[in-house]
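Please look at how the helices and strands of this model fit together. Take it one contact at a time.

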Amino acid sequence: MNNVQKIIKEICDELDIKFSLISQNWIMVLEQEEKIKYVVGYKFPLNDQASGKICDDKYALYEVLKKFNIPIIEHYIIHKNYDKKQIIENCNNYNNDMVIKTNLGTCGNGVYHKINTEEIFNTIDNLLIDNISISLCPYYDIKTEYRTIVLNNEAELVYGKIKPIVYGDGIKTIYELLLDFNKSYFENIECIDELKKVLKKDEVYEYNWQFNLSKGAMPFILEDKTFETQIRDIAIKVSKILGVKFASIDIIELTNGNLLVLEANSGVMMSNFSVDLANGKDIAKSIYTKVIKELFNK
């Protein structure tokens, strides 16, 4: 069982709900009396199918939020047999500094940052082999990324993400610094030759440009409650527009201070969060408990 499944089982044991796993541990089956509820991956049966699909399709989400004037990162959809001239024009508008991503990807997978035309077209062509459509986005200079977990149009949790960047001390290797940054993630990463280098004092090493916890980033709880309220308000507005009951909404803060919606997810995964933050498991358990109680009208 993964971390979330362990938490869900613990909650079910406390609420006298039968818990079982099927489909190679992909589906959680929750049973109490005559009620049966299924959790597929990290998707709980609270959202309607249409809202869930809009959440999980990055370009669809962009179109919906743009329609309702919610600030969101720019997306250009690309299909097979695309217009190459249009791609070049879009890229030229942003000095070829672009992000190419699958529309249905999760956990930062299938997302690439490219800075020249040849690499951009190679990435587009490779992604279109296995995807009906993909999105082309400008690269944004992001200061921090924030995630809000929303339940019934209330923000249950807001946290920030620190991407895996370390600073040299002239003594430790990059790998040792990364272990200090996030041991639970990097102790499972192979120490390749590049990571054996000792950085000079204050030399910067960015392991990953993405803010995904699944790729080594670390969560933190916001101290500035006024700013947290801004993030909450945007996320709740998004959840109401989408009509989702339980979702996570990611918002980026640019270095110029602007806030933009990055994406939304109808599956709420707190696996890494529950491990990486000191009281992360308790926070995750509290939120999942509310969800399960609602599923069984408790």
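The report below covers two sheets and two helix pairs.

## Ground rules

This is a predicted model, in which local features need pLDDT of at least 70 and side-chain atom pairs count only at pLDDT 80 or more, while totals for chains, interfaces and linings use all residues. Residues are numbered from 1 along each chain as its sequence is written, and side-chain values use heavy atoms, with hydrogens and water left out.

Helices (H or I, at least four residues) and strands (E, at least two) are DSSP runs, numbered from the N terminus.

## The three-strand sheet

Strands of a sheet pair through backbone hydrogen bonds, either parallel or antiparallel. Two strands pair if DSSP finds at least two bridges between them. An open sheet of 3 strands runs in the order 1-2-3, with antiparallel pairing. Strand 1 (18-22) and strand 3 (35-40) are at the edges with a single partner strand each, so one side of each has no neighbour in the sheet.

Strand 1 and strand 2 (residues 27-32) are joined by 5 bridges. Phe 19 stands opposite Leu 30 in strand 2. Helix 1 (residues 3-14) packs on this sheet and touches strand 1 and strand 2. Contact means heavy atoms within 4.5 Å. The direction of helix 1 makes about 150° with that of strand 1. Axes are lines fitted to C-alpha atoms, for helices over the stretch in contact, and angles run from 0 to 180 degrees between N-to-C directions.

## The four-strand sheet

Another open sheet has 4 strands in the order 4-7-5-6, again with antiparallel pairing. Its edge strands are strand 4 (76-79) and strand 6 (111-114). The twist averages 25° from one strand to the next.

Strand 4 pairs with strand 7 (residues 133-138) over 4 bridges. Tyr 76 has Leu 136 in strand 7 as its bridge partner. Helix 4 packs on the sheet, touching strand 4, strand 5 (98-102) and strand 7.

## Two helix pairs

How do helix 4 (residues 84-92) and helix 5 (residues 117-130) cross? Their axes come within 11 Å and cross at roughly 130°. That makes helix 4 oblique to helix 5. Angles under 35 degrees count as roughly parallel, over 145 as roughly antiparallel, 65 to 115 as roughly perpendicular and the rest as oblique. Ile 87 and Cys 91 are among the helix 4 residues in this contact, and Phe 121 is one of those in helix 5.

Helix 3 (residues 58-67) and helix 8 (residues 225-242) have axes that come within 11 Å and cross at roughly 100°. That makes helix 3 roughly perpendicular to helix 8. Leu 61, Val 64 and Leu 65 in helix 3 meet Val 238, Ile 241 and Leu 242 in helix 8.
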